[in-house]
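Trainee: I am new to this structure and would be grateful for a close look at a single part. Please begin there and then relate to me what else deserves attention.

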Amino acid sequence: MTQTIARQTAHDAAAATEAGRQWFETDPLWFKRAVFYEIHIRGFADGNDDGSGDFRGLAEKLDYLQWLGIDCVWLLPMYPSPLRDGGYDISDFFSIHPDYGTIDDFRTFVDAAHARGIRVVADLVINHTSSDHPWFQESRSDRRSPKRDWYVWSDTDDRYRDARIIFLDTEVSNWTWDPVAGQYYWHRFFSHQPDLNYDNPEVQQAMLDVLRFWLDLGLDGFRLDAVPYLFEREGTSCENLPETHAYLKRIRAEIDAAYPDRVLLAEANQWPSDVVHYFGDGDECHMAFQFPVMPRLFLAIRREDANPVVDIIEQTPPIPDGAQWGLFLRNHDELTLEMVSEEERDYMWSQYATDPRMKLNLGIRRRLAPLLDNGRDEIELMTAILFSLPGSPVLYYGDEIGMGDNIYLGDRDGVRTPMQWTGDRNGGFSRADFARLYLPPLMDPVYGYQAVNVEAQLRTPTSLLRWVHRFVALRQAHPVFSLGTYEPLRPENARVLAHVRRYEDEVALCVHNLSRSAQPVELDLSRFAGMVPEELFGETLFPRIGELPYLLTFGPRGFYWFRLRGDV
Amino acid sequence: MTAAFREERLVEYVRDQRWFGARSSELTGASLVDQAVLRERPPLLDALVELRYGSGAHDLYQLILDGAGADVPGASEAGPEVVRLVRAAARVPTADGEAAFEPFGDGLTGLPLERSRPLGAEQSNSSVVVDESALVKVYRRIEAGENPELETSRFLALHGFESMPALHGWWSYAGAPLAATLGIVQEFLPDGADGWTLALDELAARPGAFLERVPRLGEVVGAMHAALASDGGDPAFAAEEVTGESLALAAASMDDEIASVFLHLPDDEAVAPIAGHGEAVRDLLRDLTAIGSLARRIRNHGDLHLGQVLWARGDWLVIDFEGEPARSLPERRNKHSPLRDVAGMLRSFAYAAQVTGAPRDAEERARTAFLESYTTAVQGTGLLASPEVTERLLRLFELEKAVYELRYELSHRPDWVPVPVAGIVRLLEEAS
């Protein structure tokens with residue numbers, strides 16, 4: 001009898017997984033309320049002591065992520081790759097990079113994350129593959145190869161001249177001559193990343209198979225990397241083409257039909273008026289990154305001027321009901337300055353990239369804490385602003401403890417160094433020999449693992465980590481920050497960024513002093529006359545709002561988050 | 001056979017049910033996901049119904065419907081039918097899958113299936129008493145996966161733990177939408193008295209009578225933990241070592257919780273004994289967590305207190321292994337230190353003593369007796385580390401519970417605030 005029962009149980013469990021339904025599917029709009037946490041698997045935790053982070057190590061850190069309070073992990077590329085572009089050069093879409101483990105390890109991790117109420121989305125590059133990918137090898141080998149038409153080939157390198165070159169520092173053209181193929185191939189990024197030819201229905205089908213493969217394994221969605229560039233058309237910039245949107249609609253229809261609560265997150269580094277098209281009419285991506293806000297936050301705090309932030313949000317068109325912006329301060333790439341004016345870019349470079357090594361392409365390759373001169377008040381202020389704006393915030397691993405960067409490492413490796421868990425050897429990241437580590441951990445006296453690590457900050461109630469933990473919990477306790485409307489206040493003192501968020505009966509007022517000096521501000525809150533602001537952290541009641549301008553004073557880089565209460 | 005599904009009527013009906021957990025959400029619609037026929041004539045259907053909320057979220061609930069598509073109050077008619085089907089190990093095909101009825105042991109043999117009545121007074125489920133000897137528990141909110149109550153009580157039964165109502169069977173659904181446990185059938189104990197009621201009756205009036213029962217209670221809880229930790233080959237139950245990091249994470253959470261509760265302490269006489277002592281409590285926490293390890297963690301009861309044990313057949317039985325129904329199913333299956341269950345019971349003694357105004361030493365004697373027999377019962381299982389670590393951990397979990405109680409009572413039952421306050425004072429005194 002025992003054996004029958006054991007078999008039956010195993011059968012039930014397998015059926016539940018195969019059916020693909022899990023506890024969280026009770027809320028298809030979960031991503032609108034989520035705090036995301038971006039992880040570079042290689043740099044997070046090493047479970048097998050080979051010097052490189054992996055899924056086993058990641059699974060061991062789920063208790064930490066659950067404690068931190070995040071809702072969804074976003075994984076950088078995890079697929080087999082020659083790693084000439086941090087894994088964004090995929091050479092097999094149906095497997096896991098051997099450094100990170102196996103498909104089984106992946107599945108174990110996803111199940112364990114789900115058991116803790118944490119979802120998992122992963123990067124997927126659908127625009128191109130690595131030149132090592134068998135599809136490309138087959139394609140280049142012969143003009144009559146069935147895969148020939150899977151990539152974009154040309155006898156000349158003068159087609160699609162209106163398409164800009166993105167990786168200015170390394171690439172001179174979007175075409176590269178392939179002596180094996182005897183033709184040029186098209187690539188919007190590195191020359192070792194040939195673009196797939198989405199005009200070919202087989203390619204469209206193949207990529208849908210890739211999506212289904214991972215969704216069937218339990219993945220909760222994808223961040224679609226480099227999504228504007230799928231199609232090419234003569235006489236256009238080859239970005240944001242109608243054909244690209246049509247294909248995204250096809251992907252979305254597939255997801256809605258078979259995987260109703262999974263999410264597509266578009267990476268489209270474009271102006272808001274272009275990015276909103278990636279939401280379609282609620283029938284393309286569920287989320288898209290709000291890229292242009294990010295450099296303006298850094299601009300605003302340095303210039304002590306709220307206008308850049310208020311202006312860019314004002315220029316952002318409304319989005320469909322079931323859609324959400326993704327907001328971030330820093331990520332695994334350089335702080336990109338493509339979406340600011342030339343004058344603003346020069347200003348940003350002069351302020352934030354004092355050493356030429358800090359520049360990369362049109363951006364700055366530094367982490368949050370060093371960008372803000374390791375100022376605790378500045379980090380808290382920027383995080384507060386990020387959490388108060390409309391959208392779902394994304395935290396970048398290590399920024400919650402104020403990790404630094406290493407500008408002497410190449411490309412973007414400087415912001416991808418090992419997570420600093422303890423003050424022990426290798427920062428507790430790995431027990432491998434130091435020389436085997438994929439990158440050296442930071443060891444300088446300010447940002448090194450002996451000064452900055454999870455273990456020490458957990459023990460210290462006033463640490464940045466403990467503050468971030470409380471702040472995530474505070475935001476989650478008030479749905480108004482994830483779901484509410486946004487109304488800027490534009491006070492006369494432009495050093496103060498103030499806005500009102502509203503959702504159902506809840507009204508939140510967020511006021512931030514961008515200045516390094518103390519500031520007063522007078523806010524016109526007459527439409528809330530009679531209500532009482534309650535500061536959310538300490539639940540302290542402030543004076544009742546009247547018809548006259550409401551006066552608040554701030555210490556340097558200070559901020560208040562209020563709930564406006566009508567019941568006291 | 002398809003019953004008329006009356007969405008509007010069901011929505012109205014569900015909204016008023018005790019077991020409907022999402023009362024604060026706006027219920028906007030209902031649709032039938034799948035259904036199994038429990039009885040042909042007159043029709044009785046076991047239905048999985050999706051309830052939709054204004055926020056876009058949705059839940060799955062189990063409803064027992066009659067031929068007119070109306071819910072059968074308290075699911076009472078389903079009781080005998082479920083027993084019949086379980087006894088027959090029936091498989092009932094549905095549109096998208098099947099409902100499987102599984103007997104466990106032969107406890108249902110010979111039941112006449114003549115009488116059934118709703119048990120009543122339940123929060124999140126509906127139970128039906130059949131022939132005053134079997135209890136059919138219908139789970140209401142359905143989540144994918146096996147219910148921890150079934151999983152735990154079956155595991156305990158197979159591992160020689162008998163101090164619980166006997167498990168007679170269960171039924172579950174597997175199909176395209178999901179696979180999930182729908183309910184269980186277990187022994188009904190008509191003459192059982194729950195520990196909380198017993199304590200209220202006896203602790204002040206006849207403290208000796210209650211204290212005599214306590215050593216056996218410790219023994220039973222110890223035997224339960226020993227059984228839960230006894231199978232290293234079953235990953236769902238195998239005991240796990242606890243890392244230093246998870247202790248640090250737990251400590252950080254508790255520290256924030258203490259700081260927050262003390263920050264908002266009202267200006268009230270009931271909290272005067274601890275007012276201004278927030279930092280001392282945080283110091284105590286720091287001291288209690290400086291132990292390096294939480295020893296081992298196992299699946300435990302999850303919500304153990306005097307209300308979850310039954311005095312019946314002249315012995316204690318542990319009931320209700322469902323965990324806290326408000327938490328998600330995977331969360332309820334998490335492993336914890338068994339001392340959290342123990343701390344739950346100790347806090348329950350404190351409540352009972354305070355409520356009844358029992359003699360000063362009654363609580364103390366109950367604690368001592370319970371811990372002694374518990375410790376003996378788990379000896380040799382490796383569940384407890386050294387006596388020093390055990391004592392610290394117990395105080396740590398008692399502190400955690402007392403702080404949680406303090407927050408709860410302050411906002412829900414101000415009259416009960418003195419109970420957790422006394423608990424915190426006691427822990428502070430022991431430390432100094």
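Mentor: Two strands pair if DSSP finds at least two bridges between them. Helices (H or I, at least four residues) and strands (E, at least two) are DSSP runs, numbered from the N terminus. The model is predicted: local features need pLDDT of at least 70, side-chain atom pairs count only at pLDDT 80 or more, and totals for chains, interfaces and linings use all residues. Residues are numbered from 1 along each chain as its sequence is written, and chains are lettered from A and ligands numbered from 1 in the order in which they are written.

The part I have chosen is strand β2 of chain B, residues 44-53. A residue counts as buried if 20 or more other C-beta atoms, placed from the backbone, lie within 10 Å of its own, as exposed if 12 or fewer do, and as partly exposed in between. Of the 10 residues of β2(B), 7 are buried, so the strand is largely enclosed by the rest of the structure.

Consider its pairing with β1(B) and β3(B) in turn. Strand β1(B), residues 27-39, runs antiparallel to β2(B), and 10 bridges join the two. One of the pairs is R39(B) with its bridge partner L44(B) in β2(B). The connection from β1(B) to β2(B) is a hairpin through 4 residues. The loop between these strands holds P42(B), and the peptide bond that leads from R41(B) to P42(B) is cis, with omega near -15°. Most residues other than glycine have a negative phi, and most peptide bonds are trans.

Strand β3(B), residues 58-66, is also antiparallel to β2(B), with 9 bridges between them. Here A47(B) stands opposite L63(B) of β3(B). Again 4 residues lie between the strands of a hairpin, and G56(B) in its turn has a positive phi of about 95°.

Further along chain B, a positive phi appears in a residue other than glycine: that of A89(B) is near 50°. This residue belongs to the loop between α2 (78-87) and β4 (91-93) of chain B. A89(B) is exposed, with 11 other C-beta atoms within 10 Å.

Strands also pair in chain A, where an open sheet of 3 strands has the order β4-β6-β5 with antiparallel pairing. Its edges are β4 (153-154) and β5 (175-178) of chain A; each has a single partner strand, so one side of each is left without a neighbour in the sheet. Strand β4(A) is joined by 2 bridges to β6(A), residues 183-186, and the two are antiparallel. W153(A) has Y185(A) as its bridge partner in β6(A). In the loop between β4 and β5 of chain A one finds Y160(A), a residue other than glycine whose phi is positive, near 55°. Y160(A) has 19 C-beta neighbours inside 10 Å and therefore counts as partly exposed.

A helix of chain A may be set beside the strand with which I began. In α10(A), 9 of the 11 residues are buried, so this helix is largely enclosed by the rest of the structure. Among the buried residues are V293(A), P295(A), F298(A) and I301(A). After α10(A) comes E304(A), which has a positive phi near 55°.

The axes of α10(A), residues 293-303, and α12(A), residues 342-352, come within 11 Å and cross at roughly 65°. Such axes are lines fitted to C-alpha atoms, for helices over the stretch in contact, and angles run from 0 to 180 degrees between N-to-C directions. Angles under 35 degrees count as roughly parallel, over 145 as roughly antiparallel, 65 to 115 as roughly perpendicular and the rest as oblique. The helices α10(A) and α12(A) are therefore roughly perpendicular to each other. P295(A), F298(A), L299(A) and R302(A) of α10(A) make the contact with E344(A), M348(A), Q351(A) and Y352(A) of α12(A); residues are in contact if their C-beta atoms, placed from the backbone, lie within 7 Å.

Chain B offers another helix crossing. The axes of α9(B), residues 339-356, and α11(B), residues 387-412, come within 9 Å and cross at roughly 60°. These two helices are therefore oblique to each other. Residues of α9(B) that take part include L339(B), V342(B) and L346(B), while those of α11(B) include L393(B), F397(B) and K401(B).

Key. Two residues are in contact if their C-beta atoms, placed from the backbone, lie within 7 Å.
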